[in-house]
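Let's take a walk through this protein together, one part at a time. Keep the 3D view open as you read, and turn it whenever a new name comes up.

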Amino acid sequence: MEGVLDGRLTIGSSGDIIITDHLRYLGSDTVTGRPAPGSGSVLGLIAEKNVEVRQVQNVFTRSKGIVINASIIAMDKSFYVKNPYHQSQNNRNKTHGVMRLWGNIVQAERGVVGSYRIRDNLTRGFIKNWNYDSRLPHLDIPYYPPLRS
């Protein structure tokens, strides 16, 4: 899934939910992903298994990252990036860029998004820039479990 949301929506799956490109609210900053002040848009993702970020046709290497605006629940497994260490010929620095997430993540197990090796400053996968969306406790996400601030 990918796209721009103007409104309130919850998507549920008895299996996995797969994110293939930017998933943001209308009016969110296209670089930082920060939701626009006063925006009422909100997205809930509930997967009985995983919520997976999957690279499709070098999207991440072209854009140098991904923006995700969502409140995410991976009930049985994880929120993770499929093949975070994959490097294409056009991506010799081994990173997909920055994953800018505004929302929250609830998962049974921590999933791999990227890694950093201090010894030689080597980064693989995504560099995380994750932010809690403080609007969430005040917005009604359809069919979503209650959130506490």
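A good place to start is a single pairing: Gly44 has Ser71 in E7 as its bridge partner. This is a predicted model, and that bridge belongs to a set of four through which E5 and strand E7 (residues 65-74) pair in the parallel sense. E5 also has a partner in strand E2 (residues 8-13), with six bridges joining the two, again running parallel. Within that pairing, Gly12 is matched with Ile46 of E5.

Now look at E5 itself. Is this strand mostly covered or open? Strand E5 covers residues 42-47, and six of its six residues are buried. On one side sit Val42, Gly44 and Ile46, on the other Leu43, Leu45 and Ala47, and both faces are covered.

Let's step back to the whole protein. Its secondary structure consists of one helix and eleven strands. Following the sequence, you meet them in the order β-β-β-β-β-β-α-β-β-β-β-β. The protein has 149 residues, and 45% of them are buried. Take the contacts between residues at least 6 apart in sequence: 78% of these join residues at least 24 apart.

Next comes the interior. In soluble globular proteins, nonpolar side chains tend to be buried together. Here the largest nonpolar core has 27 residues, and Val53, Ile68, Phe79 and Met99 have the most contacts inside it. Several strands supply at least two residues each: E3 (17-19), E4 (23-25), E5, E6 (51-53), E7, E8 (79-81) and E9 (95-107). Which of them gives the most to this core? That is E7, with six residues.

Phe79 is a fine residue to select in the viewer. Setting aside neighbours within four places in sequence, its contacts include Val51, Val53, Ile68, Ile72 and Ala74. Met99, Leu101, Ile105 and Trp130 are also among the residues that Phe79 touches.

From the core, move to Pro84, which lies in the loop between E8 and E9. Is Pro84 buried or exposed? It counts as buried because its relative accessibility is 7%, below the 20% cut-off. Beyond its neighbours within four places in sequence, Pro84 is in contact with His96, Val112, Val113, Arg124 and Gly125. Pro84 and Phe126 are 42 residues apart in sequence, yet their C-alpha atoms are 7.1 Å apart in space.

Phe126 leads us on to the largest pocket, which has a volume of about 170 Å³. Eleven residues line this pocket, and the closest to its centre are Val113, Gly114, Ser115, Phe126 and Lys128. Two elements give two or more residues to the lining, namely strand E10 (114-117) and strand E11 (122-132). E11 gives the most, with four residues. By type, the lining divides into five nonpolar, four polar and two charged residues.

Our last stop is Tyr143, in the segment after E11. Tyr143 is not a glycine, although it has a positive phi of about 55°. Tyr143 counts as exposed because its relative accessibility is 81%, above the 50% cut-off.

Conventions:
Residues numbered from 1 in each chain as written. Predicted model: local features only at pLDDT ≥ 70, side-chain atom pairs only at ≥ 80, totals over all residues. Heavy atoms only, no water. 1 Å grid on protein atoms, 1.4 Å probe; cavity = no way out; pocket = protein on both sides within 12 Å on 5 of 7 lines; lining within 4 Å. Points joined across faces, edges and corners; volume = space filled by probe spheres on them. Nonpolar A, V, L, I, M, F, W, Y, C, P; charged D, E, K, R; others polar. Buried < 20%, exposed > 50% of the residue type's maximum accessible area, 1.4 Å probe, protein only. Pairing = 2+ DSSP bridges. Core = buried A, V, L, I, M, F, W, Y, C linked by side-chain atoms within 4.5 Å. Contact = heavy atoms within 4.5 Å.
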